[in-house]
Amino acid sequence: MGARSKARKRAVDVLYAAALRDADPVRLLDERNAVAEQPSPNDYATTLVEGVVAHRERIDELLTEHAEGWTLDRMPFVDLAVLRLGLYELLWATDVPDAVAIDEAVQLARSLSTDDSPRFVNGVLGRLATIADQLRATL
């Protein structure tokens, strides 16, 4: 697993734990970094968590619009964390190709969630990818 893939998993872990605890993800990540024996030298996880938090309102609006038949409240916390991260990378991480953002999110869903989750994540992010250029123009 590459450094960025590990950072993505770490970011999803933090977003998931924060959702379960109704906590601030950035503060939770800072707390985890403070107690870690070997803090991660890769700050991409921090970039991802901070990015999701900064754009969460818009991310959640888009997920609500494009997750056909699903509300955010009905989604498992882990799937929601993966979708938020994937959508952040899709729209705001200019150095990540769209296909990579989607594939990484699908892989996270495959390893962390249910058997149906990879297909769901792929479908939602795939729909958003078809209009990603238009969405980026309005950000």
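In what order do the elements of the protein run from the N terminus on? Colour the chain by secondary structure and follow it along: the elements run α-α-α-α-α-α-α-α. The count is eight helices and zero strands. Keep in mind as you go that this is a predicted model.

**Stop 1: the whole chain**

Begin with everything shown as a C-alpha trace. Along its principal axes, that trace spans about 40 × 30 × 25 Å. How does the radius of gyration fit with a compact globule? For 139 residues, a compact globule would have a radius of gyration near 14 Å, and the protein agrees, with 14 Å.

Now turn on contacts between residues at least 6 apart in sequence: 68% of these join residues at least 24 apart. Switch to a surface next. The protein exposes about 7,600 Å², and carbon and sulfur atoms supply 49% of that area. Of the 139 residues, 43% are buried.

Before moving inside, colour the charged side chains. There are 16 positive and 23 negative ones, and the centres of the two sets lie 3 Å apart. Side chains of opposite charge can pair when their charged atoms come close. How many salt bridges does a search of the whole structure find? The search finds ten, and the next stops visit some of them.

**Stop 2: arginine 8**

Select arginine 8, in helix α1, which covers residues 3-21. Is arginine 8 buried or exposed? Its relative accessibility is 3%, so arginine 8 counts as buried, the cut-off for buried being under 20%.

Show the surroundings of arginine 8, leaving out residues up to four places away in sequence. Arginine 8 touches Tyr44, Leu48, Leu85, Glu89, Val96, Val100, Glu104 and Leu108. Two names in that list, Glu89 and Glu104, are worth selecting next.

**Stop 3: glutamate 89**

Pick glutamate 89 and draw a distance to arginine 8. Their side chains meet in a salt bridge, at 2.7 Å from N to O. Glutamate 89 belongs to helix α5 (residues 77-92) and arginine 8 to helix α1, so this pair ties together parts that are 81 residues apart in sequence. Glutamate 89 has 0% relative accessibility and therefore counts as buried. Arginine 8 is buried too, as seen at the previous stop.

**Stop 4: glutamate 104**

Add glutamate 104 to the selection; you will find it in helix α6. What links Arg8, Glu89 and Glu104? These residues are linked in a network of salt bridges.

Glutamate 104 is buried, because its relative accessible area is 18% and buried means under 20%. Beyond the residues up to four places away in sequence, glutamate 104 touches Ser5 and Arg8. For a sense of scale, draw a line from the C-alpha atom of glutamate 104 to that of alanine 129: the two are 25 residues apart along the chain and separated by 14 Å.

**Stop 5: lysine 9 and aspartate 13**

Return to helix α1 and select lysine 9 with aspartate 13. The two form a salt bridge, with the closest N and O atoms 3.1 Å apart. How are they placed along helix α1? Aspartate 13 and lysine 9 are four residues apart, so about one helical turn separates them.

Toggle the surface back on here. Aspartate 13 counts as partly exposed at 27% relative accessibility, and lysine 9 is partly exposed with a relative accessible area of 29%.

**Stop 6: aspartate 98 and arginine 136**

Next, select aspartate 98 and arginine 136. Their side chains meet in a salt bridge at 2.5 Å, N to O. Aspartate 98 lies in helix α6 (residues 98-112) and arginine 136 in helix α8 (residues 132-137), so the pair ties together parts 38 residues apart in sequence. Aspartate 98 counts as partly exposed, at 25% relative accessibility, and arginine 136 is likewise partly exposed at 25%.

**Stop 7: histidine 66**

Finish with histidine 66, in helix α4, which covers residues 56-66. With a relative accessible area of 16%, histidine 66 is buried. Which residues is histidine 66 in contact with, leaving aside its neighbours within four places in sequence? Show them as sticks: Val124, Arg127, Leu128 and Ile131.

Notes
Residues numbered from 1 in each chain as written. Predicted model: local features only at pLDDT ≥ 70, side-chain atom pairs only at ≥ 80, totals over all residues. Heavy atoms only, no water. Helix = DSSP H or I, 4+ residues; strand = E, 2+ residues; numbered from the N terminus. Rg over C-alpha atoms; globule rule 2.2 N^0.38 Å. Buried < 20%, exposed > 50% of the residue type's maximum accessible area, 1.4 Å probe, protein only. Contact = heavy atoms within 4.5 Å. Areas by Shrake-Rupley, 256 points an atom, 1.4 Å probe, with all protein chains shown as cover. Lys, Arg positive; Asp, Glu negative; His and termini not counted. Charge placed at Lys NZ, Arg CZ, Asp CG, Glu CD. Salt bridge = Lys/Arg side-chain N within 4 Å of Asp/Glu carboxyl O.
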